[in-house]
Amino acid sequence: MDLLTQSIILVVALFALLGGGFWVAMSLAAVGLVAITVFSNAPAGLIMSTSVWGATATWTLASLPLFVWMGEILFRTKLSEDMFKGLAPWLGRIPGRLIHVNILGCAVFAAVSGSSAATALTVGKMAIPELTRRGYDEKLIIGTLAGSGTLGLLIPPSIILIVYGVSAEVSIVQLFIAGILPGIMVAALFMGYAAIWSMLNPDRVPEYDFKMSFLEKLNASRRLIPVLLLIMFVIGSIYQGWATATEAAAFGVAGSLVLSAATGSLNWNSFTESLMGATRTSCMIVFIIAGAAFLSVAMGYTGIPRTLAQLIRDMDLSPYTLLIALTILFVILGCFLDGISVVVLTTAIILPMVQAAGIDLLWFGIYVVLVVEMSQITPPVGFNLFVLQGLTGRNILTIAYAALPFFFLMVVAVILLVIFPEVATWLPALATARQ
Amino acid sequence: MRILRLALDFAYKACGVVAAIALAMIAALMLAQIIGRFFGVLVPGVNEAAAFLLAATSFLALAYSFRAGSHIRVSLLLHYLPVKLRRAADLVGVSLGIALMGYFSWYTWRLVADSLRFKEVSDGLLAIPLAIPQGAMLLGLVMLTIALVEEFFHILAGGIPSFDDSRDVVMREREDATIDKT
């Protein structure tokens, strides 16, 4: 059987399983099993158990459950309630005023949660009533939330970057450092758009109703500042090379426990709930990584990724053409798969192709995550749009229309990242050079 | 039958609790390493222990998180199916899951048996017998297989799948309805 037929059979099998509602992790493993038993003579079962064992019993992956746990603890500290009160007093002078609470709130919350749906939901629940009550433009409220909700995937400590790092064998520390500038860039694009929109439509930006002195402002954000410091310390200790990603994550867990004890939200109940929640989430993610690891090894036996890579090399394709094709593919995949599944599928099948085209794997990680973010708000089927639909009760077309400018801003961010790869690669190079 | 279901629920939960303890131990070990380094003490074998604890926490929690509906799947298309067809699709999915996880468990047993026979130990300083963490992986996979079998009979008997994610929507509608009445 030629490779084309094989590929078609496997792709059809994968989509049938996923579309039929079979669990993502098991779908990946099942396709791997089909690939290896039908198209090779290798002992499938033993390869399955050894490759999964090898992929899960690794020290590098240990930062994942810890960062998940850190998010779960901070999630239970009433952080979201403090966010509006803590951020709002500082934003009076920026054009657009309180609308920036959405963007900055999402950026902060994203750093601790790492899930775009949870970010949009939590920040939205608290900010939407406050902003609509004051008369801010509804379209801009929904749009900024949809867009900034996706920041969670990029701003470190990012769960999805750990997943990419482990599957593509790229240093997680380097990936975290690489994600800093692009994350700031996207947030800046969003804030810039909101500011310019507000300057063009001054009549639709309500008056500012916070009259506070500097000390009162500090007092209002007294519960937000420690969280910010903790996040900055965790990222900083990785950047400075003081700690490995896993150690920084353990420190983050300890710090969040101290914070939640200090704010009085730590008790036996919230502690066990956060721990059990983290256990479930990290189990789910590691199971997907395990399925993908086996799929990746199985694909190696079929020779399909190798042939694809050879094909790319022979066609002498420019990396730009490949990137455009991949962007479209990821946006389509992202419409019905979550970010982590898209990333593990990528690394299992098309990574050799990307390497053959001479693309840096560290840069590619940031690029994939950015495109996956974009796919979360692709009108009209992005995942974040559904979250906001549930939250606001508006129909999906209204939401998609409101999110459209932010979708285009994400496209701009992707283009900037492709034209200036240094946005992602400059900081990691700097950090390596210093150590 | 109900007692069996309760006993199994307890078993999944117990494995979940052990998994959670393993997760917390990773954090504790890593903190010990940071503190140890600060005082110039080297805590031996932290990295290999963390790797094995990660495997333990991930696999032991499988059945527990399965029952909690944490494992993700694309249920978009299923929502459009009529109830009977949807139940059939769920049964096919669960059966496929049983076959796959049963197969996987069997070959993980082969892995454990090999580690036992050759008395394999980890590379690092601790020299932990590999059969211990691999045994945790085997136990977790077997528990998931059992949970899937239980789920199969549960759906067959007309029960709502425990991983069903459409219930939230129904509940929301019901809440709205009560609000309308009052």
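**Group meeting talk: two chains and their salt bridges**

Let me begin with a single residue, Thr302(A), which lies in helix α14 of chain A, spanning residues 268-302, where helices (H or I, at least four residues) and strands (E, at least two) are DSSP runs numbered from the N terminus. Thr302(A) counts as buried because its relative accessibility is 10%, and I should add that buried means under 20% relative accessible area, exposed means over 50%, and partly exposed is in between, with a 1.4 Å probe and protein chains only. If we leave aside its neighbours within four places in sequence, Thr302(A) is in contact with Leu3(A), Gln6(A), Ala35(A) and Phe39(A), contact meaning heavy atoms within 4.5 Å.

Before going on, a word on where this comes from. This is a predicted model, in which local features need pLDDT of at least 70 and side-chain atom pairs count only at pLDDT 80 or more, while totals for chains, interfaces and linings use all residues. Residues are numbered from 1 along each chain as its sequence is written, chains are lettered from A and ligands numbered from 1 in the order in which they are written, and side-chain values use heavy atoms, with hydrogens and water left out.

A second residue of chain A to look at is Ser51(A), in helix α3, residues 44-56. Ser51(A) is buried, since its relative accessible area is 14%. A polar atom of the Ser51(A) side chain lies 2.8 Å from the backbone oxygen of Ile47(A), and a polar atom of that side chain also lies 3.3 Å from the backbone oxygen of Met48(A). Beyond its neighbours within four places in sequence, Ser51(A) is in contact with Ala293(A), Phe294(A) and Val297(A).

Now to the salt bridges, of which the count comes to eleven over all chains, a salt bridge being a side-chain nitrogen of Lys or Arg within 4 Å of a carboxyl oxygen of Asp or Glu. One of them joins the side chains of Arg76(A) and Glu273(A), at 3.5 Å from N to O. Arg76(A) sits in the loop between α4 (63-75) and α5 (79-87) of chain A and Glu273(A) in helix α14 of chain A, so this pair ties together parts that are 197 residues apart in sequence. Arg76(A) is partly exposed, at 26% relative accessible area, and Glu273(A) is partly exposed too, at 43%.

Another salt bridge links Glu130(A) with Arg133(A), their closest N and O atoms being 3.0 Å apart. Both residues lie in helix α7 (residues 116-134) of chain A, three residues apart, which is about one turn of the helix. Glu130(A) is partly exposed at 25%, whereas Arg133(A), at 61% relative accessibility, counts as exposed.

Then there is the salt bridge between the side chains of Arg394(A) and Glu138(A), at 2.9 Å from N to O. It links distant parts of the chain, with Arg394(A) in the loop between α20 (383-392) and α21 (396-419) of chain A and Glu138(A) in helix α8 (residues 138-149) of chain A, 256 residues apart.

Let us turn to chain B, which has six helices and zero strands. Of its 182 residues, 45% count as buried. Among contacts in chain B between residues at least 6 apart in sequence, 72% join residues at least 24 apart. Chain B also holds a network of salt bridges that links Arg5(B), Asp9(B), Arg67(B) and Glu150(B).

Finally, how do the two chains meet? In this model 55 residues of chain B are in contact with 51 residues of chain A. The two chains bury about 4500 Å² between them, 80% of it on carbon and sulfur atoms, where buried area is the accessible area (1.4 Å probe) that two parts lose on being put together, summed over both. On the chain B side, Leu23(B), Ile72(B) and Val74(B) lose the most area to chain A, together 15% of what that side buries.

Which residues form the one salt bridge counted between chain B and chain A? The count between these chains is one, and the side chains that meet in it are those of Arg37(B) and Glu247(A), at 3.1 Å from N to O. Five helices of chain B, α1 (2-38), α2 (46-60), α3 (62-67), α4 (83-117) and α5 (131-156), each supply at least two residues of the side that touches chain A. Of these, α1(B) gives the most, with 14 residues.

How values were computed
A polar contact is a pair of N or O atoms within 3.5 Å; within protein, one must be able to donate a hydrogen and the other to accept it, and residues adjacent in sequence count only if both atoms are side-chain atoms.
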